[in-house]
Each structure stands twice: as structure tokens, then as C-alpha cells.
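User: I would like a close look at a single part of this model. Please keep it brisk and give the cut-offs as you go.

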Amino acid sequence: MKRWFTVLVVAVFAIAAVSLVVVQFYQMRRTISISDNMFNVAVGNAMDEVLHQLGGEEEEGGTLTYQHLDALVAEQLLLNGIDMHPAVGLYDGTQRSFLFSTDPSEEGELEVSPYRYAFHPVGVVSGNQFYIILAFSKTELFLQRNSWVYVYMTLFLVLIIVAMFFLSMRTLSVQRKLDRMKTQFINNMTHEIKTPLATISLACEMLQDPTVSQDRESQKNFISIVSDENHRLQVLVETLLQSAKMADKRYRITHKEVDLNGLMERVASSFRLSLTKRNGTVDLQLAANPSTLMADEMHLTNLVFNLVDNGIKYSDGKPHIELSTRNVDGGIELRVQDHGMGIAKEDQKHVFERFYRVSTGDVHDVKGFGIGLSYVAEVVRLHRGTITLESELGKGTTFIVTLPR
Ligand code: ADP
């Protein structure tokens, strides 16, 4: 996906999301206003009935008390679908004082309430204007409107939509990264395979040359080149095949008794020839005793091979590799240490990811395609072991693998 397209998608989504919130907000206000109107109409109907009943009672000569008014209001509100108990007062609008009310402390509230109804009590000989006033508690009114349901539902839905959007954007970006890595991987792999093939074909041509075939020394030299390159190709294909197999979660390794010290020695000697050509060395410090463990020999060999191969690949000049083993609590620890270029802190947490390669400017500087360490980590995981690394740029790297016995 192109960058401009991502920006476009994000912009369109942002506009749509904001518009949705605005539309929802107006819709919510409309709903609240309708529900307010319905509430007011219901209160009006209840009070009409209250006034009507009070009128009838007065004709029969009754006097109005607070208890009676309060009970009548509550009853009529309930009959009109309002299950609330507002403060009630009888107010002399001319004197600006209450004849009675629910509570003197609520009279301030009552005085400003819009729910006031003109009413002249019997027995009061005065030309003053009287009102019955109701005051609903603010929280009760809010709950009555059900507005909180709209507010929370809207917020919740918008949150879900935004979360889903970011989730899909993240998936897209991961997919894009994978796509890039795949292309890079294919480029690197083609390069990796082409180079040894070209070297082998050149060496074969040279071997057919009459001058070379008569010289035993050159002949041996070219045969060793062919053999080295062939070995490299074999390990490459093996690592690729095994790591592809391991991608299947059901993959199981076969456990049998393996002598780790012996295995380390064999891997070290397979590198000796190529190391002497570069004046490099490989040192062994095999202190583990006992050094046997239950493991998959083929995968363990590939693991050590990959670590040593990397140690050599990522060392400038003369590679110096140290291999060691020792017993630790419940298992054996093996270390592969080099004094090469090291790995920067920010790359250290990624090197075990599939296809990850530290960008060195030119990808083809050092051969590889970012499979080795992910395969190593997978082998360690299948053995229920652990792998860590210590590294400093320019000083070298140590891979520490601990395997249970
Ligand atoms: P690659 O095929 O690129 O070697 P790996 O999975 O083996 O792939 O390693 C991933 C990356 O980790 C390499 O590209 C390299 O940058 C870095 N790396 C691995 N081992 C070492 C090491 N011993 N020293 C320095 N860098 C290393």
C-alpha cells in the first residue's frame, strides 16, 4: 500500500469519525429535548389533575395541608409515568414567601423552579398571587432523561470503531513490512545461491584446464573450493528447509542422548580449514561434565554451526571464535563468542526475528538473509532452553544458550 493511500485512508476515517460524533451529538441533543418535552407534558398533565382535585376539595370546604399536597402530587406524577418525589411548596408570589414547603432549606431551589402553577387556596383572604411549585432533583432529572445511556453508548461505539481502525491499520502495516521483507529475502537468497554456484562452475572450468589438471597443488585447491561452497549451499538449504518445517506449530523434535562437547568439537573442526585461510582461530573450552543431554542432534549441530558461521561472517580481518560449555543449574550452557563488529542495542531485540537483518547500508555486504538466528531461537524454544546475547559495537558478541539436560 502506497504511503499517500494510507494518509488518504487515515484522513477519510478521521473525517468520518468526527462527523459521526457530531451527528451523534446532535441526535442526542434532539432526543434529550424530545424526552424533556414529554417529561414537561407529563408533569403538566399531573398538575392539571392535582389542581382539578384541589378545586373540588375546596368546594367541599377542606383546607390544604403540606402532607396532602405532597401525597397528591406524588400520586398524580406516578399515574403519569414519573416515579419521582419532587420538593413541593405553596408560594405567595406577592409576598415572596412560602406558606409551607418540603424543607425550608430547599425554598431557594423552589423559588427558581420553572414548574410553578397558579393556585389560590381557600380560606386565604388576600388578593396575592399564589403558586404550587415543584422542584426536581438535578440528578433524578438527568437519570429520567436517560441521557447518560446515549452519552455512554455513543462514546463506547466511537471507541470501538477507533480501536478497530487502529487494529486494521496495524495489521496493514505489519503486512506491508512482511511484504518488503519477503522481497528482500528473495533478493538475498538469489544472491546467496548464485554466488557459490558461480564459484563452483568457475572452479570446475579451471579443473578441466590442462595446465591445472597437471598441477596437483592447484587441483587440490580448486577441489577444496568446490567442497567448501558445496558445504555452504548444503547448510543454507538445510537451514531454509528446517526453518520452513518449524513454522508449522505441530513440529516436534526427536530427543536422544547427545554429547554436547563432542558436537561442539565437530562443528569447530568443520570451520578450521576456512578459518586458517583467513588467519582466524577457533578456541574450545569445554568444561561441561557430564556433557550429555537429551536433544535433537541434527538441529543442535545446525544451531552451533549457525552461531559460529555468524561469528566468522560478522568479524572483520582475522576472526577469533571461542566456544565453551559448562554445567549450570539443571542444564548445560554453551557460549559462542566472537570479537567482531557487535550488534547495536536497538538491533539486539530484533535479531531473532525471521528475515531481520541489521541494515549495514549495503545489504549484500555480508552474505545472509536473516533466517539463521530465528532458526536458532526456534531450536532453543523446542528444547525448552533459553538464548540471550551480550554484545558491544566494535567489540564483539557472545550468544549464551542454556539447554535443560
Ligand atoms: P543473516 O543471514 O543475515 O546472518 P541471522 O538471522 O543469522 O541472519 O542474523 C540476523 C542479523 O543479526 C544479521 O544480519 C547480523 O546483522 C546480526 N548478527 C548475527 N550474528 C551476529 C554476530 N555474531 N555479530 C554481529 N552481528 C550479528
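How many Å separate the centres of domain 1 and domain 2, taken over C-alpha atoms? After that, please take me through the residues that surround the ligand.

Analyst: This is a predicted model, in which local features need pLDDT of at least 70 and side-chain atom pairs count only at pLDDT 80 or more, while totals for chains, interfaces and linings use all residues. Residues are numbered from 1 along each chain as its sequence is written, and side-chain values use heavy atoms, with hydrogens and water left out.

The domains come first. The centres of domain 1 and domain 2 are separated by 80 Å, taken over C-alpha atoms. Domain 1 covers 3–137 and domain 2 covers 251–404. These bounds come from an automatic or database domain assignment.

Now the ligand. It is surrounded by 19 residues; a residue is near it if one of its heavy atoms lies within 4 Å. The closest are Tyr-314, Asp-338, Arg-357, Phe-369 and Leu-373. By class, the shell has 9 nonpolar, 7 polar and 3 charged residues. Here Ala, Val, Leu, Ile, Met, Phe, Trp, Tyr, Cys and Pro count as nonpolar, Asp, Glu, Lys and Arg as charged, and the others, Gly among them, as polar.

Next, the polar contacts (pairs of N or O atoms within 3.5 Å). The side chain of Asn-310 has an N or O atom 2.8 Å from an oxygen atom of the ligand. The side chain of Asp-338 has an N or O atom 2.8 Å from a ligand nitrogen atom. The backbone also takes part: a polar backbone atom of Gly-370 is 3.0 Å from an oxygen atom of the ligand. Taken alone, the ligand exposes 520 Å², and the protein buries 96% of that. Those areas come from the Shrake-Rupley method with a 1.4 Å probe.

Which elements give two or more residues to the shell? They are helix 9 (297–313), helix 11 (372–382) and strand 11 (396–404). Helix 9 gives the largest share, 3 residues. Elements are DSSP runs, numbered from the N terminus: helices are H or I with at least four residues, strands are E with at least two.

Helix 11 deserves a closer look. Of its 11 residues, 9 are buried, so helix 11 is largely enclosed by the rest of the structure. Buried means under 20% relative accessible area, exposed over 50%, and partly exposed in between (1.4 Å probe, protein chains only). The buried set is Gly-372, Leu-373, Ser-374, Tyr-375, Val-376, Glu-378, Val-379, Val-380 and Leu-382. Leu-373, in that set, is also among the closest residues to the ligand. The cover over these buried residues includes helix 7, helix 9, strand 10 (386–392) and strand 11. Just after helix 11, Arg-384 takes a positive phi of about 55°.

Helix 7 spans residues 216–246 and holds Gln-242. Gln-242 is buried, at 4% relative accessibility. Leaving aside neighbours within four places in sequence, Gln-242 is in contact (heavy atoms within 4.5 Å) with Tyr-251, Met-298, His-299, Asn-302 and Tyr-375.

Two loops add backbone detail. Most residues other than glycine have a negative phi, and most peptide bonds are trans. Asn-279 has a positive phi near 60°. Asn-279 is in the loop between helix 8 (260–277) and strand 6, and is exposed at 56% relative accessibility. The peptide bond from Asn-289 to Pro-290 is cis, with omega near 5°. Pro-290 lies in the loop between strand 6 (281–286) and strand 7 (292–295).

Key. A polar contact is a pair of N or O atoms within 3.5 Å; within protein, one must be able to donate a hydrogen and the other to accept it, and residues adjacent in sequence count only if both atoms are side-chain atoms.
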